[in-house]
Amino acid sequence: MSKATILKEEPNKIDFEDFKKEVLADFRLASISREASLLGRREVLTGKAKFGIFGDGKEVAQIALAKQFKDGDFRSGYYRDQTIMLAIDQLTIQQYFAALYAETDEVLEPASGGRQMGGHYATRNIDENGEWKNLMKQKNSSSDISPTAGQMARLLGLAQASKIYRNHEGLKDIEKFKSFSNGGNEVAFGTIGDASTSEGQFWEAMNAAGVLQVPMVMSVWDDGYGISVSKKFQTIKESISEALAGFQRTDEKKGFEIFKTKGWDYPHLCATYEKAVKIAREEHVPVLVHVEEVNQPQGHSTSGSHERYKSEERLQWEKDFDAVAKFKEFILNFKGENGETLATVEEIEAIEKEAKKTVREQKSAAWADFRKGTEIDLSAAVKLMKDLANDSENKPFINKEIEALEKTFEPIRKDVFNTVNKVLRLVRGENSTARTQLINWYKGKLEENKQRYGSHLYSESKYAVGNIEAIAPTYGDDDRVEDGRLILRDNFMRLFEKHPEIITFGEDTGKIGGVNQSMEGMQEKFGEIRVSDTGIRENTILGQGIGMALRGLRPIAEIQYLDYLLYAIQVISDDLATVQYRTKGGQKAPVIIRTRGHRLEGIWHSGSPMGMIINAARGIHVCVPRNMTQAAGMYNTLIEADEPALVIEPLNGYRVKEPMPTNLGEYKTPLGKVDVVKEGTDLTLVSYGSTFNIAAEAAKELEKSGISVELIDVQTLLPFDLNHDISKSLEKTNRLMIVDEDVSSGASAYILDQILVKQKAYYLLDSEPVTVSANDHRPAYGTDGDYFSKPNIDDIYAAAYNIMHEANPKEFPSFLD
Ligand SMILES: Cc1ncc(C[n+]2csc(CCOP(=O)(O)OP(=O)(O)O)c2C)c(N)n1
Ligand SMILES: [Mg+2]
């Protein structure tokens, strides 16, 4: 019998004892969580932690929610959710403080290994080898991000994964998927603040959840404010449940179930969540729980005080309706049918006292652990510097630096490094063993800290793309050629047959198989669960991908055109690209984003904002194939790997004939390896995607003028030419030209930096490097618009010829002047 029911029905003695135990345990947790918020703020104000944002005021609602949270379920929430995390046993108070201090050991701070501010929660869902844990044996939280409503898109996908697991027959009997789902019975719990519901991401995800009918329980913690801005300026009718009233399901039409409850009303909260979650779990109907009258005892964060913007009355109300105080009142006033009571004032106060003590102890333990690592580095550095001082003519100056460091109160690694650097500056040019030892220590520590703060931007498991073995396409004797779209489609067919966990979705992807028919017939063959249409909502298409990938599926999220990727770039950049990094290898989301781009017609169908994309998306791979054989080979590689990637198919290549490989679904195009398409001796021309094909035409013309071009297709921008093959080419040609159709200083600046700086090719050049890019305006419509906006064959010819003319005007007389 549930607790909520117990409250209503006449309890028998045994039930009552259980009930009492549970209520008091809840109160204990609420008190602990509250105390953690209070002490957390103090830690920031006294300088031990940098920033704090806490969950005070939301404790009781979160305890009620957590009662319904089962193994296999997922949370996608925001920075107020400490009590949920504590209640589902995925956070300890010690870990909470470790995160506040920026503890970098992921055992002590499992959410992010100190990379995220406190208040950003996550569970560790993959092990140290990158292998999935059994997610059905733990309660799961996806990793929080700071942009408000940034949790929404992913939430949709987490919930949709349950729907897929419930309905996809092909996965049901496969053992490995049993560690992700049990018949799709898992609920995705979303949380959001009232003000953040103003974001478009919220509305987009809510609409999509209603359309898709997924088991998502969306809680809004309504404390009436978004920092200082009240609901009046945030939400129509000042109520998100009223605003969403049209989403309410009816007997005739599907939709949401909507509940309202109050953040201080323990029994009502418990009863509400019990009903809400049952509906979502059993019926796969999304539910909104609007939790009103939530308070915020300490204001928004450690950055300010709420006395500045809340009225006297509001501040008084916050005290009168404080969630924990009201919970205490409920307990003290409780009278069972037979006159039973829950606790005396003394008993309750003992719980509060005990909670305070527990929090203080765990906080101190976290601080002691946090100091340990730094203290070890500090004493090692001091010892080495002292040895060095004894060997140096700069002894007094070195000692002064050491003394200053030793006097620093609780120095951090930065202080140690600063001092070591100052000392090394003092002894530059000196020759002693002690100096060498200090330098070696310093270099070793630099490397260690690079890992500490920089690991896991990309996968470090055996499934990293770099570990997937390349396999060349093979061809039969029949010289069969087909439209590019058919090579892609037939390759997808093989992949879908081989991997039942591949799911694809996008605008027009389902019924017609994509606007370019490269999935034609696939929905009929593989069903609507695996190949489906979505609404026009790029942000949540990506979110579907992330959520599904976090639950073991292999989504191919399709964005209809590259230009419209911008609507998804927020979620790609903030969420997808940071999943592994921000969890320090605790989670992965190998989403494949499929789109098509570059040259077609007009401002919004031929853009190539590659500089913007690759700079926003470090953490995912960016593939820019020049034809569909290459593109298919990239998909084949990616599906074996455990990393997210974007593949931009060349938009004008679907109807271009290509030889049909015989090993579809098997051959694998390597990522980070360039393709030297044509060898040459005078000039290295580097390009990619659709423009590569124009550069190849230009190279033929240049050949006729006696210029031998080495043509290199980079194939992938991220990663970029890992073997430095472009430098090898420049050793031969000594001249470099980059052709790309982004704006000037976009992707071409990146490519130039990679070649000249990273590959150190500057000293190989005999001519100045040249970039040919598109004009800075958006590309104009029509063939002439394209010709005069983007690099065309004549531009490329002229630029290349000019390089040769400047190098050897005799052999290559002036062409345009
Ligand atoms: C996209 C974005 N814009 C602005 C911010 C800065 N910011 C952080 S929290 C916050 C207010 C959020 O209020 P609400 O959603 O009501 O949550 P609460 O803090 O009240 O629980 C703002 C504006 C942000 N993190 N992300
Ligand atoms: Mg708020």
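Contact means heavy atoms within 4.5 Å. The structure treated in these exercises is a predicted model, in which local features need pLDDT of at least 70, side-chain atom pairs count only at pLDDT 80 or more, and totals for chains, interfaces and linings use all residues. Residues are numbered from 1 along each chain as its sequence is written, and side-chain values use heavy atoms, with hydrogens and water left out.

**Exercise 1. The five-stranded sheet**

Task: State the order of the five strands in the open sheet, and identify the strands at the edges and the helices that pack on the sheet.

Solution.

Step 1. Helices (H or I, at least four residues) and strands (E, at least two) are DSSP runs, numbered from the N terminus. Two strands pair if DSSP finds at least two bridges between them.

Step 2. The order in the open sheet is β17-β19-β18-β21-β22, with mixed pairing. Because β17 (675-678) and β22 (770-772) each have a single partner strand, they stand at the edges, and one side of each is left without a neighbour in the sheet. From one strand to the next, the twist averages 25 degrees.

Step 3. β21 (residues 736-739) pairs with β22 in the parallel sense over three bridges. Val739 has Val772 of β22 as its bridge partner.

Step 4. For the helices, axes are lines fitted to C-alpha atoms, over the stretch in contact, and angles run from 0 to 180 degrees between N-to-C directions. Helix α24 (residues 689-704) packs on the sheet and touches β17, β18 (683-687), β19 (709-713) and β21. The direction of α24 makes about 170 degrees with that of β19. Helix α28 (residues 793-807) lies across β18, β21 and β22, and runs at about 165 degrees to β21.

**Exercise 2. A covered strand and a covered helix**

Task: Determine how many residues of β13 and of α5 are buried, and name the partners of β13.

Solution.

Step 1. Buried means under 20% relative accessible area, exposed over 50%, and partly exposed in between (1.4 Å probe, protein chains only).

Step 2. In β13 (residues 592-597), six of six residues are buried. Ile592, Arg594 and Arg596 point one way from the strand, while Ile593, Thr595 and Gly597 point the other way. In a regular strand the side chains alternate between the two faces of the sheet.

Step 3. β12 (residues 554-558) and β13 pair in the parallel sense over three bridges, and Glu558 stands opposite Arg594. β13 also pairs in the parallel sense with β15 (residues 645-650), over six bridges; there Leu646 is the bridge partner of Ile593.

Step 4. In helix α5 (residues 93-101), eight of the nine residues are buried, among them Tyr96, Phe97 and Leu100. Ala102 follows α5 and has a positive phi, near 70 degrees.

**Exercise 3. Salt bridges in several settings**

Task: Describe the salt bridges Arg34-Asp322, Asp490-Arg489 and Lys704-Glu701 by distance and by exposure of the residues.

Solution.

Step 1. A salt bridge is a side-chain nitrogen of Lys or Arg within 4 Å of a carboxyl oxygen of Asp or Glu. By this rule there are 62 salt bridges.

Step 2. Arg34 and Asp322 meet at 2.8 Å, N to O. The pair links distant parts of the chain, 288 residues apart: Arg34 lies in helix α2 (residues 13-45), and Asp322 in the loop between α11 (312-320) and α12 (323-333). Both residues are buried.

Step 3. Asp490 and Arg489 have their closest N and O atoms 3.0 Å apart. Asp490 counts as buried because its relative accessibility is 14%, and Arg489 likewise counts as buried at 19%.

Step 4. Lys704 and Glu701 meet at 2.8 Å, N to O. Both lie in helix α24, three residues apart, about one turn of the helix. Lys704 is exposed because its relative accessibility is 66%, whereas Glu701, at 33%, is partly exposed.

**Exercise 4. A salt-bridge network**

Task: Which residues are linked with Glu448 in a network of salt bridges, and where does Glu448 lie?

Solution.

Step 1. Asp377, Arg413, Lys445 and Arg452 are linked with Glu448 in the network.

Step 2. Glu448 belongs to helix α16 (residues 433-454). With a relative accessible area of 33%, Glu448 is partly exposed.

Conventions: Chains are lettered from A and ligands numbered from 1 in the order in which they are written.
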